Amino acid sequence: MRVSKLALGTATFGVAPDEAEADRVIGAALDAGVNLIDTANAYGNLAHFDRPGVVPASERASAEEIIGACLEGRRDELIISTKASERVGPDVNDRGLSRRHLVAQIDRSLRRLRTDHVDIFYAHHPDPDTPLEDTLMTLDDLVRSGKTRTYGLSTYPAWASVHALWTADRRDLHPPVCLQVRYSWVARQVETEVVPAARQFGLSLVVFSPLAGGLLTSAASRERPYRGEARWGGGAFTESQHAAARRLEGKAREWGCSTAQLALAWVLHRPTVATAVIGPETPSELTEVVGAVELGAQLSPEQYREMDEIGATPVVDPRPRPPDAPPGRSEHRLSSN
């Protein structure tokens, strides 16, 4: 499955952008060559997305509903991914990765998206209350039923991702094709374990928050009331994060590009990364960053090394692969077009 190097994230659809503006953002994304739209059953109309001046969650359409309305007549040209496991209701079973929850949620997602299948269905977060084998057997059944073409894992640690691959192989189940992780120039924790595991076992990485919630965009964006984790009820940026962003901003001025383009070019250049999920709130924000793909091909190895030097200390796999280790998969199942 070939995906565009940039994917459209929709976590705050219905809030920023609102329902009317979302259609224009999707249109701008399609015009720019984006073919992957990433969403989840919990996006958009839950209370932790509420902001002053925005329609309350109980009256908002969900991100999936907005996408379904916008994509009528355009579904076949796109790759759509959605997720389940976050709490979506008051009942004790309205969360997790049990068969009961996953089967019910994909049916609801398909109705909201106005389609008969999604292309990637993610286990949104690990569920310690459900045996991994039970979850994988359910996801395999959903692939065989045609409700999803493939499935992936989201925010899983390296050991659990490898466990999933081994379990799928042992039980002759469809394996996960990709792993969605937080990864950016200022958040490189996945380089210790996740990236080496992905390289070894052929898992493609789908990167979320590649601009660190707006930190790596512009000084004006960093001062918005709702930026970073504050977009869904968390905290704002620290002074050390602001300082790192200013260093990258200076390098972007020197090289004649925007900070956002430079940050995206960097993450798209990393091993096993298939696509980066961006969350523009307006069409103009999307238009500004699409140049990152072209920029990434123009930057030299020396420039990439310089970015590493002015940012966080690069993290490498502390356990070199032994000479007699079995080879990893030579191909990844999800790749950039």
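**Exercise 1.** Determine whether Tyr183 and Trp266 are buried or exposed in this predicted model, and classify the geometry of their rings.

*Solution.* Step 1: Tyr183 has a relative accessibility of 1%. A residue counts as buried under 20%, so Tyr183 is buried.

Step 2: Trp266, at 1% relative accessibility, is likewise buried.

Step 3: The ring centres of Tyr183 and Trp266 are 5.8 Å apart, and the planes meet at 80 degrees. Because planes over 60 degrees apart count as edge-to-face, this pair is edge-to-face.

Step 4: The pair joins distant parts of the chain, since Tyr183 sits in the loop between strand E7 (178-182) and H6, while Trp266 belongs to helix H9, 83 residues apart.

**Exercise 2.** The structure holds 2 aromatic pairs; describe the one formed by Trp166 and Phe201.

*Solution.* Step 1: The distance between the centres is 6.3 Å and the angle between the planes is 80 degrees, an edge-to-face arrangement.

Step 2: Trp166 lies in helix H5 (residues 158-170) and Phe201 in helix H6 (residues 194-201), with these positions 35 residues apart in the count along the chain.

Step 3: Trp166 is exposed, at 53% relative accessibility, whereas Phe201 is partly exposed, at 25%.

**Exercise 3.** Establish how the buried residues of helix H12 are arranged around its axis.

*Solution.* Step 1: Helix H12 covers residues 301-310, and Gln303, Tyr304, Met307 and Asp308 are buried in it.

Step 2: Viewed down the axis of H12, the buried residues fall within an arc of 145 degrees, and therefore they line one face of the helix.

Step 3: An α-helix has 3.6 residues a turn, so residues three or four places apart point the same way.

Step 4: Pro301 and Glu309 are exposed residues on the face turned away from the buried side of H12.

Step 5: The cover over the buried residues of H12 includes helix H8 (239-255), helix H9 (259-268) and helix H11 (292-298).

**Exercise 4.** Describe the surroundings of Thr138 and of Ser154.

*Solution.* Step 1: Thr138 is part of helix H4 (residues 132-145) and is buried, with a relative accessible area of 1%.

Step 2: A polar side-chain atom of Thr138 lies 3.0 Å from the backbone oxygen of Asp134. Leaving aside residues up to four places away in sequence, Thr138 touches Arg99, Leu102 and Val103.

Step 3: Ser154 belongs to strand E6 (residues 148-154) and is buried, with a relative accessible area of 2%.

Step 4: The side chain of Ser154 reaches the backbone oxygen of His124 at 3.1 Å. Beyond four places in sequence, the residues that Ser154 touches include Tyr122, Pro126 and Leu179.

Definitions and conventions
Residues numbered from 1 in each chain as written. Predicted model: local features only at pLDDT ≥ 70, side-chain atom pairs only at ≥ 80, totals over all residues. Heavy atoms only, no water. Helix = DSSP H or I, 4+ residues; strand = E, 2+ residues; numbered from the N terminus. Buried < 20%, exposed > 50% of the residue type's maximum accessible area, 1.4 Å probe, protein only. Polar contact = N/O pair within 3.5 Å; in protein donor to acceptor, adjacent residues only side chain to side chain. Contact = heavy atoms within 4.5 Å. Arc of directions from axis to C-beta. Phe/Tyr/Trp six-rings, centres within 6.5 Å; stacked < 30°, edge-to-face > 60°.
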